[in-house]
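Hi everyone, and thanks for coming. Today I'd like to walk you through one structure, piece by piece. Have a look at it first, and then we'll start.

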Amino acid sequence: MKNLKRVLSLGLASVMLLGMMVMGASAATFSDAADIKNDVAVNMMASLNVINGKDDGSFDPNGTVTRGEMAKMITMIMFGGEEAVLTTSGTPRFTDVTNHWARKYIEYCAGKGIIAGMGDNTFAPDAKVTGTAAAKMALVALGYDAKVYKFEGDRDWEININNVANSKGVTLYKGLKALDPSQPITRDQAAQILYNALQAYVVEPTYTVTSNGIETEYNPGTDTLLVAKFDITPEEGKMTGVSYDKEKAIFTYTISGVTGNTDFAEDVTDLFGQEVKIIRTNDTDKKVLGIYASGDETVVTSTVGKVKDADGAKINVDGTKYEIAETVTLYKNADSAQKSESKGSTAVTTALKGAGASYDTLKLILNADGKVDTVTVINQVASKVTNKTASKITIQGLGTLELDEHDIESDLAKGDVVVYTLTVDNKADLPKARATVKAVDSIEGKVTGYNATKKTVTIDGTKYDVEGTPNLTENAITALKDIIGDEVTAYLVSGVVVALDKSTTTADTSYAMVTATNGNATSSSSLTTGRVRLLLSDGSSEEYNVYKEGLQADSGFVSGDLVKFSVRSDGTVKIVSKVADSADVAKDSTIWDDSTKKIANVGVAATGAVIYVNVSDDAKNPEWKVYNVRDLRTFKALDVKNDQNQSVATKVFHVTDDSGKVTVAAVDYKAAVYGTTADTLWGMVLSYDGKVGIGDTEYFQYTVWTNAGEVTVNLETQDTSKVDAGKLVQFDEASDKIYAANDFKAITGSSTVVAVNEYSESDRVLSYFTALEVSDGTYSGKGTPTTVAVSKDLEVLYVNVKDKKAGEDIGINEFNSENGFANAMIYVVDGIVEKVIIETSDKCSVDGNTTEGTIGGTAATEKVCEHKLTSNNDAKAATCGAAGTKETWTCSECSKTFIDNKGTTEATAENKVIPATGSHTYDDDSDMTCNVCGHDRTNG
């Protein structure tokens, strides 16, 4: 969850002119989409085959562009995205491009005057290209003559280029406010410059004969560079409908005046209701390459809560008054079925105010006359994540979604507060809807004021409107009262508080457990008169003199009482009161439920709530311990007997806060309780060691290798389904080493057997493969490795799985490519790797599989080499008496040699031989001896 840890400035967006193409979420097809700033331009350049991604699936937006690369980009534009057949001159135009991969593009552009060299017969193809140099290439591609406009050679050539690049109708630097054209540009910036160039009009020269000769004037023509080079003419219309095919992951957009195919994989529903341009190929398929705002309208974004009462004939949104068209159309959630029309400012205002919650997104679309004629609203619902797996996510009030079928923020985890929207058709039928789910912003601070009537809260001096759903958080503040001075976390959607949470709800430290008093039968004789020993909520034990005005020992409190206390300035303690309220819990009924987080079914435990537990069954020597109750496993009441040997209920004492959450509890349990987190051991059962006698009882003994070292386990009854050699278990260590089978359970988290690719302890990331491929006996990862975050408290266990014994600390290393064993098992909790088991014998996989190259039952596939062939130049023609040799090619990847340049037939000693022709040559008919090999033809 994004926590800004400061007061957010959430003022609404001002008027925005939207003139850039929108192609979905940050060039989503690239693996580094989040790093792309000019995603509009990148998508279009990729669609037109002008700039392609890297071999690894990334775009590398921050990588710099070389002069050679820029030459290729310009060439691709000049030939409409096609890889043209280009020739090169016998003598290179530049001395440093002879063997360069970009030579043909450089020579083509140089021949067209698009580029020039460095002035010394070199081009420097690998030097970084500056913004000015890139702009010059684009301008010449647009038809500007470099000599006429003095783009080269002149002292002010850079100034001349930038003057034209910034001129009206050209604007090559549009969208690049931070660009310094004298510095090298990135691939991201290059895409934006070329995108702008495609929108500019190609200039055409006009020649006029004057007394001074022929004068040339360049004026914009009728076609943009996009039309001229790609033969693509944008079509225009208003987007009034969207549908979505989930199986094909394709949107179909309804655009007025546009017929034929409008299927597009990118989500541009945020343009709904606007005038847009659509770019399609000019073939019969009419494939959509992009959809973007036409730029003829003004778009104002706001929220429903900012709509004020009408002001005469105008509507008022956030203090700005807008004229309206005769009829205003309102759409909700990009759904043409949710359409309404209103006339007059009062009716329009009423419609807008009733369109949704105060934080719902509102978009006013002003036509060319500056009047609002269309309004769109996206309803947002604040909710929380209740479950998350590798493929699905469950949202409270919405249901379970497939991650790959919706637009869902990638790093969400269980418990996160989120906001979701249902667009396209807004149906409750999720298979037909398109959901967007993202984390909300949050702030932390102290409440300095609130207004329960107006529903506002002031945090660190900043006032926020509240339109909340209290049950979104565990420690929700359910009412705006008595919260001044509280440290809170506020969750906001469009600046409105949707959930308010006490930031640190902890145990009430004014309560403690009395463990000894003077005069009490079970007290320590070492205590003097008027003394008390208290077990505090932080686990420490303190002794105090008792203040006489409070409850007194032997009359008001005794050892085993949960009391409220205060420490006075003179160091004495005042026992204010004893907790008398209690819940009676019958045998086998739950005292603490880890799943519902309830104590004795009387209330949910606050985060940080503590419970005091007597873990000793010796009535004369109680042993009180204090736990954070949320760290404990579920435990139930035992069979407690009174003096008459009758079963009686177990009493649970508790204290609740104003919201009804339990902050402190106590129970005289007379048995140990077990934790679920820090105190829990986990590891592999190494061996069954046979039966042992402890006292008069026989136990089944096992040795377990854990994160705390070797542990001996004695089971009352043998249950090999839970505890057996090779089993992975977690349990809470008992001081007497005696356990029931139910004390053991599976390790927390979802487990995955993997072959480690790379681990960075400093960056806390781990990458791995879940499938392998093999070539010539060497194993390698199949596909792109998965990268996951690693907990800062990562626990690593080294186990020799083959021999079922403890392993050596060998670090988290890359898997062995010689045998391909999956060397690690990772445990992921809420998307973070919390535990790793490393197999150290290198004789089997971590799950015990001894088949090389197998992960999770899937064997490695044969790797197909993508050959990179180089000719050996070893061709030798056959003669009449001597065999020849075919030309062979060798692959630099696999080192194999082939007799064809496609890498289909591997060369052998036999198939690369060209037999001797046997056709001898003689000077004349009377000559008996071959003048090549000396064969005597009298012998045949």
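Before I point at anything, one definition: helices (H or I, at least four residues) and strands (E, at least two) are DSSP runs, and they are numbered from the N terminus. Please also keep in mind that this is a predicted model.

With that numbering in hand, let's visit Cys930. This cysteine lies in the segment after β62, the strand that covers residues 913–914. Is Cys930 buried or exposed? Its relative accessibility is 3%, so Cys930 counts as buried. Now find Val765 as well. Cys930 and Val765 are 165 residues apart along the chain, and their C-alpha atoms are separated by 75 Å.

Here is another pair to look for. Glu323 sits in the loop between β11 and β12, where β12 is 324–332. With 40% relative accessibility, Glu323 counts as partly exposed. From Glu323 to Ala265 you travel 58 residues along the chain, and the distance between their C-alpha atoms is 36 Å.

Next, some helices. Helix α2 is residues 67–78, and helix α6 is residues 187–199. These two pack at an angle of about 25°, with their axes 12 Å apart. How should we describe that arrangement? Angles under 35 degrees count as roughly parallel, and α2 and α6 are therefore roughly parallel to each other. Their crossing is right-handed.

Stay with α2, and look at how it meets helix α3, residues 103–111. Here the axes come within 8 Å and cross at roughly 65°. That makes α2 roughly perpendicular to α3. Which hand does this crossing have? When α2 passes α3, the crossing is left-handed. So for α2 we have a right-handed crossing with α6 and a left-handed one with α3.

Let's move on to charged side chains. A salt bridge here is a side-chain nitrogen of Lys or Arg within 4 Å of a carboxyl oxygen of Asp or Glu. How many salt bridges does that rule give? The count comes to 19. I'll show you a few of them.

One of them joins Glu152 and Lys136, with 3.1 Å from N to O. The two residues are 16 apart and link distant parts of the chain: Lys136 is in helix α4, while Glu152 is in the loop between α4 (131–141) and α5 (157–165). What about their surroundings? Glu152 is partly exposed, with a relative accessible area of 33%. Lys136, on the other hand, counts as buried, at 7% relative accessibility.

Another salt bridge brings together the side chains of Lys321 and Asp311, at 3.6 Å from N to O. Lys321 lies in strand β11 (residues 320–322) and Asp311 in strand β9 (residues 307–311), so this pair ties together parts that are 10 residues apart in sequence. Both partners fall into the middle class: Lys321 is partly exposed at 40% relative accessibility, and Asp311 is partly exposed at 37%.

A third example is Lys651 with Asp584, where the N to O distance is 3.0 Å. Lys651 belongs to strand β40 (residues 650–656) and Asp584 to strand β32 (residues 582–585), so to speak two distant parts of the chain, 67 residues apart, linked by the pair. Lys651 is partly exposed, with a relative accessible area of 44%. Salt bridges can also share residues, and Arg531, Arg533 and Glu543 are linked in a network of them.

Now for the backbone. Most residues other than glycine have a negative phi. Asn49 has a positive one, near 65°. You'll find Asn49 in the loop between α1 (39–47) and α2, and it is partly exposed at 30% relative accessibility. Ser494 has a positive phi too, near 55°. Ser494 lies in the loop between β25 (487–493) and β26 (496–502), and its relative accessible area of 32% makes it partly exposed.

My last stop is on the surface. Which residues form a nonpolar patch there? Tyr207, Val209 and Ile214 do, with about 390 Å² of accessible area together. Ile214 is found in strand β2, residues 213–224. At 61% relative accessibility, Ile214 counts as exposed, because the cut-off for that class is over 50%.

That's my tour. Thank you for listening!

Technical notes:
Residues numbered from 1 in each chain as written. Predicted model: local features only at pLDDT ≥ 70, side-chain atom pairs only at ≥ 80, totals over all residues. Heavy atoms only, no water. Patch = residues over 30% accessible without salt bridge, like charges linked within 9 Å, V, L, I, M, F, W, Y side chains within 5 Å. Areas by Shrake-Rupley, 256 points an atom, 1.4 Å probe, with all protein chains shown as cover. Buried < 20%, exposed > 50% of the residue type's maximum accessible area, 1.4 Å probe, protein only. Axes fitted to C-alpha atoms, helices over the stretch in contact; angles between N-to-C directions. Parallel < 35°, antiparallel > 145°, perpendicular 65-115°, else oblique. Left-handed = near helix turned anticlockwise from the far one by under 90°.
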